[in-house]
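Here's a short set of exercises to work through with the coordinates open. Try each one yourself before you read the solution.

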There are 2 protein chains.
Amino acid sequence: MVKNILVYEKDHMKTLPNITKNFQDWYNEIIYQAELVDQSPVRGSVVIRPYGYAVWELIKKDLNDRIVRTGHQNASFPLLIPESFLKREAAHVEGFAPELAVVTHAGGKKLEEPLIIRPTSETMIHHMFARWIKSWRDLPLKINQWANIVRWEKRTRPFLRTTEFFWQEGHTAHATYDEAHEEVLTMLNEYVDLAHSVLAIPVLTGLKSESEKFPGAEKTYTFEGFMPDGKALQMGTSHLLSQNFAKVFDMKFQDREEKLVYPYLTSWGTTTRLIGAVVMVHGDDKGLVFPPKVAPIQAVIVPILKKNADNQEVIQAAQAMADQLKADGIRVLVDADDTKTPGAKFYHWEMKGVPLRIEIGPRDLKESVAIVVDRLGLAKSTVPLDEMTQHVSQLLSTIQKTMLERATQKRDALWFKEAKLSEFGKKLQSQNGFYQTGWCGDAACEAQLKEYQATIRCLLDEKLFDQCFACTKPSKQDVLVAKAY
Amino acid sequence: MVKNILVYEKDHMKTLPNITKNFQDWYNEIIYQAELVDQSPVRGSVVIRPYGYAVWELIKKDLNDRIVRTGHQNASFPLLIPESFLKREAAHVEGFAPELAVVTHAGGKKLEEPLIIRPTSETMIHHMFARWIKSWRDLPLKINQWANIVRWEKRTRPFLRTTEFFWQEGHTAHATYDEAHEEVLTMLNEYVDLAHSVLAIPVLTGLKSESEKFPGAEKTYTFEGFMPDGKALQMGTSHLLSQNFAKVFDMKFQDREEKLVYPYLTSWGTTTRLIGAVVMVHGDDKGLVFPPKVAPIQAVIVPILKKNADNQEVIQAAQAMADQLKADGIRVLVDADDTKTPGAKFYHWEMKGVPLRIEIGPRDLKESVAIVVDRLGLAKSTVPLDEMTQHVSQLLSTIQKTMLERATQKRDALWFKEAKLSEFGKKLQSQNGFYQTGWCGDAACEAQLKEYQATIRCLLDEKLFDQCFACTKPSKQDVLVAKAY
């Protein structure tokens, strides 16, 4: 038995790289150590292990409820798309061509036309929309698909950029431009609320510049997250496709005046990348920190066991507490493993990011109390057993709120306002960060950011700067410049 | 407006082929007419439309709860599998080779090793298991994956056999043969209970013969459904893989005696095929009939609207009733479209298989009642509004039960007991059915069934027959012979 304890403690007490000094290494270590993912034998694809997949299931449940509540219906479209479909919209195929995985043989034969594993489903879904939309009465058509996607990325990193990933893609068709535009903003707002109230991640929204928008879209709205290393993460997008795709897929409907016209289309999506955002934004030197709403385990109960003693009473009390918490909808686990020390367990569940730990020993039990410790280090408190459920619920909600506040503070500390690239370009080289500045709107000025591996993350509604960051022309509106994942 | 009514009625009042005389045509028509699926531009792949996908979501929810309750954890493994992986287990690759879809190019280059779109994930998951299983403490390992699968089938039919389909695949590893065998039976029993209590489909379970078992398995248990046209449908399987795959993937663990040994593996799965089973088993000449537990809409409320009158009161009453039913967890829809006649609506929702219809007109409203009609034709009743929720709940549960009874009767009427193929072979040619008979266990005798396009669906626990159906050798146990989808 001693042997196993040692193995356990050695396995899980591997030192994590310092998160401040070496954020990348910390990320690349914690996702494996916490068993969120594992490496797969296929280049750029990961295995999402149960602990990581549970986070995705929680995000998915919350987001799916939003998608249904806003009047969309789930459906499913083929994984494989005829190559010719992707070629119909010129900008679309140009944008995706370098990343495609191609099925050339199937059923023992060479295919007449190669099939592409979907890098996104606009072309397939628009083909179907053209079959379904005949009259104004068929609109709006609001469909969503939860699916796996393949894009052959050159550099990959688990969750953030993988060859295969999971997402939802919403696709809608509307009778008017305004209605389509409203849809794009409605879903963008749902994403923002998901980020804020569920993932505890402050995000910024805005339009993408022409060079960064979705291939084939008229407008792309993004919601960008701010990582603690000063790099931005595009967490998802909402596109106004307008009538481009409707035209190439010959999607027409008879309007109320009996004229044949093209509908206005939208698409919007977010991905398993959100898990990576949660890991990066909230993690610390001890490991993961999960916001309670997406924590696979919200509270772990550790009965304090005595050697060579009958621990049944304490274990039973822990189990009874767990049953009570579960009845209140709290995701709870009792760690009664008698081969591990309490210290090893504390370390383990902190590393795994469980928001609350509850310790109960023989002495606590006599006094009908237990010790509650939170992962953020807010306070350690002695709680009467009969107040436990209420206490835990309140504490989880406090933690959820505090995590958003802390993440917002971290972001603000990295948010700089700078007039000229000649100034902040130097800073970007030594310290990443989010640089609010002015822009004339010219692609040539935007292109100068490449030298710093930075991009315009989005256009802002504010206008603090009168002049472009690169030239002397007037600025149209502020933009946010940063390096990005 | 008149025009639209006509369009609607014409669209939805297409005559269905007679279900008794022409079951295949009926199936091929109703799945499109009821908007469960649509044809896609990719050979053998279908689009599952919202009404069909909702059925899958309901099945998935119920089955996922069972999978979690029995101690399994969801995870996700790559879509693409290196070709060499599939080749490791000889029987496995031989079984799947003719059906593979192969990615040869990706990211603009030819791949060094082709990748296969998973036809099942044993090889990928066992590769990962070999990384994760080191000690007896890591066992049992019980993983499930919800995924899409591609098998290049020669003949396809929506839901029943498609190139791409959805399923769950459970994969587990155990320290002993007995424990693995128990797992196989536990999950088989969950499937059976799902079929009986949720899908209202009576199924039979048993072992597959050697020639029909899963490529690479030691034993395959099946659960077979009985379709009204006398053909069997394999609804899912549960495999005892034993140690074969563990050996080829070098999956070893240190047992309690510190010896390195191979674990015993299982896998089990069921698919979107279940939707096809529900359609076939319960449908009638009017269209679909959904068992309440998987009905996307359990009750449709049709307010009876008067022409040129103010219908607000009736519509509000219908809406209030819907809110009440929803609060009780009933899936309900109000069809208040004033461009359709009540008759057209009745026809439409009967065709769509909604278990209950509630009609409420101005006169009913005055008397505080509504008319409840069930899709099975059990009874039409006048129900006081304040008893509606209770009445609907009870009626849905009666319908659920009655549907299983009716399906069982239909099956029994097609269940024949026959000693010799020379007799029932002739019958099989004129009338499909399920033929219980004896079998010596020889593959040569089994092969004689091919002439009748029939197979041994499974081995039975009964032994009514002393002699083999084909030869004069003694029968080991009864078997069930039928044609199959």
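**Exercise 1. How far apart are the centres of domain 1 of chain A and domain 2 of chain A, and which residues supply the buried area?**

Keep in mind that this is a predicted model.

Step 1: get the separation. Taken over C-alpha atoms, the centres of domain 1 of chain A and domain 2 of chain A are 39 Å apart.

Step 2: look up the bounds. The assignment for chain A puts domain 1 at 22-282, domain 2 at 292-396 and domain 3 at 415-482.

Step 3: list the contacts. On the domain 1 side of chain A, 12 residues touch nine residues of domain 2 of chain A.

Step 4: work out the area. About 980 Å² is buried between domain 1 and domain 2 of chain A, with 69% of it on carbon and sulfur atoms. A:Tyr51, A:Leu58 and A:Val198 supply 55% of what domain 1 of chain A buries against domain 2 of chain A, more than any other three residues.

**Exercise 2. Find the polar links between domain 1 and domain 2 of chain A, then say which elements give residues to the domain 1 side.**

Step 1: search for salt bridges. The count between these two domains of chain A is one salt bridge.

Step 2: check a pair by distance. A:Lys352 and A:Glu35 form a salt bridge, with their closest N and O atoms 3.5 Å apart; the cut-off to pass is 4 Å.

Step 3: count polar contacts. Three residue pairs, both at pLDDT 80 or more, are in polar contact across the interface of domain 1 and domain 2 of chain A.

Step 4: map the domain 1 side onto secondary structure. Helix H2 (23-33), helix H3 (50-69) and helix H7 (177-198) of chain A are the elements giving two or more residues to the side that touches domain 2 of chain A. H3(A) has the largest share, with five residues.

Step 5: sort that side of domain 1 of chain A by residue type. You should end up with nine nonpolar, two polar and one charged.

**Exercise 3. How many residues does each of chain B and chain A bring to their contact, and how much area do they bury?**

Step 1: count residues. Chain B brings 56 residues and chain A brings 56 residues.

Step 2: get the area. Chain B and chain A bury about 4,500 Å² between them, 59% of it on carbon and sulfur atoms.

Step 3: tally the polar links. There are four salt bridges between chain B and chain A. B:Arg137 and A:Asp337 meet through their side chains in a salt bridge, at 3.2 Å from N to O. The polar contacts between chain B and chain A come to 22 residue pairs, both at pLDDT 80 or more.

Step 4: break down the chain B side. Strand S5 (residues 101-106) of chain B gives the largest share, six residues. By type, the chain B side that touches chain A splits into 30 nonpolar, 15 polar and 11 charged.

**Exercise 4. Where are the cis peptide bonds at A:Pro140 and B:Pro140, and which residue has a positive phi although it is not a glycine?**

Step 1: scan omega in chain A. The bond from A:Leu139 to A:Pro140 is cis, with omega near -10°. A:Pro140 sits in the loop between helix H6 (122-132) and strand S7 (141-150) of chain A.

Step 2: go to chain B. B:Leu139 and B:Pro140 are joined by a cis peptide bond, omega about -5°, and B:Pro140 is in the loop between helix H6 (122-132) and strand S7 (141-150) of chain B.

Step 3: look at phi. A:Ala200 has a positive phi of about 60° although it is not a glycine; its place is the loop between H7 and strand S9 (203-207) of chain A.

**Exercise 5. Which parts of chain A does the salt bridge of A:Arg375 and A:Asp284 tie together?**

Step 1: start from the total. Over all chains the count is 53 salt bridges.

Step 2: pick out the pair. The side chains of A:Arg375 and A:Asp284 meet in a salt bridge at 2.8 Å, N to O.

Step 3: place both ends. A:Arg375 is in the loop between strand S18 (369-374) and strand S19 (380-384) of chain A, and A:Asp284 is in the loop between helix H9 (273-282) and strand S15 (299-303) of chain A, so the pair ties together parts 91 residues apart in sequence.

Methods. Residues numbered from 1 in each chain as written. Chains lettered and ligands numbered in written order. Predicted model: local features only at pLDDT ≥ 70, side-chain atom pairs only at ≥ 80, totals over all residues. Heavy atoms only, no water. Domains from an automatic or database assignment. Contact = heavy atoms within 4.5 Å. Buried area = accessible area lost by both parts, 1.4 Å probe. Polar contact = N/O pair within 3.5 Å; in protein donor to acceptor, adjacent residues only side chain to side chain. Helix = DSSP H or I, 4+ residues; strand = E, 2+ residues; numbered from the N terminus. Nonpolar A, V, L, I, M, F, W, Y, C, P; charged D, E, K, R; others polar.
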